[in-house]
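Trainee: I would like to go through this model one element at a time. Please keep the answers short.

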Amino acid sequence: MSVRKHSIAIFAAFLLVSASSLFISGCRRGRDADCRPTVENIRQRGVLLAGTTGDYHPLTFLEPDGSYSGFCIEVAEAIAKDLGVSVRFVPTSWPTLSADVLEEPQKFDLAIGGISITDKRLETMLMSDGYLANGKTILCRRADAGRFRSLEDIDKPEVRVMVNPGGTNEQLAREMLAHAAIIVHQSNLEIPGLVAEGAADIMITEITEAPYYIELDDRLAAPLIDRPFTHGFIGVLMRKGQEDLLKAVNMTIERMEADGSLKKLRPELNASLMDAREFAKDGLDPKVTPVIFTCPASRSVAAGDSSPS
């Protein structure tokens, strides 16, 4: 082979490899290894992979036998059923949630379980329509319920506020409490018991979560549950490039809202959460009761997330 022909062959091979690399890179940027739409991949796999923290009663909880339970777990199961597949839950955590959603190779198709719709998340990821209203509040010892009636009562040097790391509980505490002593504890599930035992005075929590712990432990109270610090909505989180999956998830949420499935999943939440008209007092559109309702993903929490995430 002449030098000229050899050079042409090398150049052609280089172009072929470059084209292949660009194709693979493009698929990776599209988040699907073979460039098929996400829903098609899920259906071919036969399993929806759902990331969840499993530490947020009554929305997502890892049971001792390794199974998951909770309101959001049942929503995930409904999404999978509508897609015609089963669901497998993949562990994640509040500090690593966003990184896990964006990780390559992809760890799961979507994340669910008390995840707030926020402008910050919408900058880099996709979020579904909201399917549950929520807001920040506190847990304290029942004996101290009269002591804590506002943020001003909490924001004092002698008040110990305990939060889990990396989520919006910690974010809210650091942004709104300039004087209180903030204690970071790794396990969100352990904080209510530590407050009851006197290791801290306050837990930053949610209006969805607080009633569970009040019922579980009569030493605890949530004196501000009817006046949450933030108002927001919980949705399903996923990476950009999965608009077909987002559409499918929103269709399930819309169906469950229309046929009453959301109310039937966890009826006790209706009594635990504020009436939607309470949210209307603070500038959100009034909705009919119960408080479980859909909202556009573009509506976000004014003062940050309203979930541990």
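Trainee: Which residue follows helix 2, and is its phi positive or negative?

Mentor: Helices (H or I, at least four residues) and strands (E, at least two) are DSSP runs, numbered from the N terminus. This is a predicted model, where local features need pLDDT of at least 70 and side-chain atom pairs count only at pLDDT 80 or more, while totals for chains, interfaces and linings use all residues. Residues are numbered from 1 along each chain as its sequence is written, and side-chain values use heavy atoms, with hydrogens and water left out. The phi near 85° is positive, and the residue that follows helix 2 is Gly46.

Trainee: Why do the buried residues of helix 2 line one face of the helix?

Mentor: Buried means under 20% relative accessible area, exposed over 50%, partly exposed in between (1.4 Å probe, protein chains only). In helix 2 (residues 38–45) the buried residues are Thr38, Val39, Asn41 and Ile42. Taking the directions from the helix axis to the C-beta atoms, they line one face because, seen down the axis of helix 2, they fall within an arc of 160°.

Trainee: What covers the buried residues of helix 2?

Mentor: Contact here means heavy atoms within 4.5 Å. The cover includes strand 1, helix 3 (71–83) and helix 10 (243–259).

Trainee: Why is strand 6 largely enclosed by the rest of the structure, and which residue of strand 14 stands opposite Ala111?

Mentor: Strand 6 (residues 110–116) has 7 of its 7 residues buried, so it is largely enclosed by the rest of the structure. Two strands pair if DSSP finds at least two bridges between them; strand 1 (residues 47–52) runs parallel to strand 6 and is joined to it by 2 bridges, with Ala50 opposite Leu110. Strand 14 (residues 232–239) runs antiparallel to strand 6, with 3 bridges. Opposite Ala111 in strand 14 stands Leu237.

Trainee: Which strands stand at the edges of the open sheet of 5 strands?

Mentor: The pairing in this sheet is mixed, and the order is 11-10-12-9-13. Each edge strand has a single partner strand, so one side of each is left without a neighbour in the sheet; the two are strand 11 and strand 13 (220–221).

Trainee: What angle does helix 7 make with strand 12?

Mentor: Helix 7 packs on the sheet and touches strand 9, strand 10, strand 11 and strand 12. Axes are lines fitted to C-alpha atoms, for helices over the stretch in contact, and angles run from 0 to 180 degrees between N-to-C directions. The angle with strand 12 is about 125°.

Trainee: Is the crossover from strand 10 through helix 7 to strand 11 right-handed or left-handed?

Mentor: Strand 10 and strand 11 run parallel, joined by 4 bridges, and Val163 stands opposite Val184 in strand 11. A crossover is right-handed if, with the strands pointing away from the viewer, the path from the first strand over the helix to the second runs clockwise. This β-α-β crossover is right-handed.

Trainee: How many residues does helix 3 give to the largest nonpolar core?

Mentor: A nonpolar core is a set of buried Ala, Val, Leu, Ile, Met, Phe, Trp, Tyr and Cys residues joined through side-chain atoms within 4.5 Å. The largest has 49 residues, of which Phe71, Leu83, Leu110, Ile112 and Tyr131 touch the most other members. Its largest share comes from helix 3, with 9 residues.

Trainee: Where does Pro58 lie, and is the peptide bond before it cis or trans?

Mentor: Pro58 is in the loop between strand 2 (55–56) and strand 3 (60–62). With omega near -5°, the peptide bond from His57 to Pro58 is cis.
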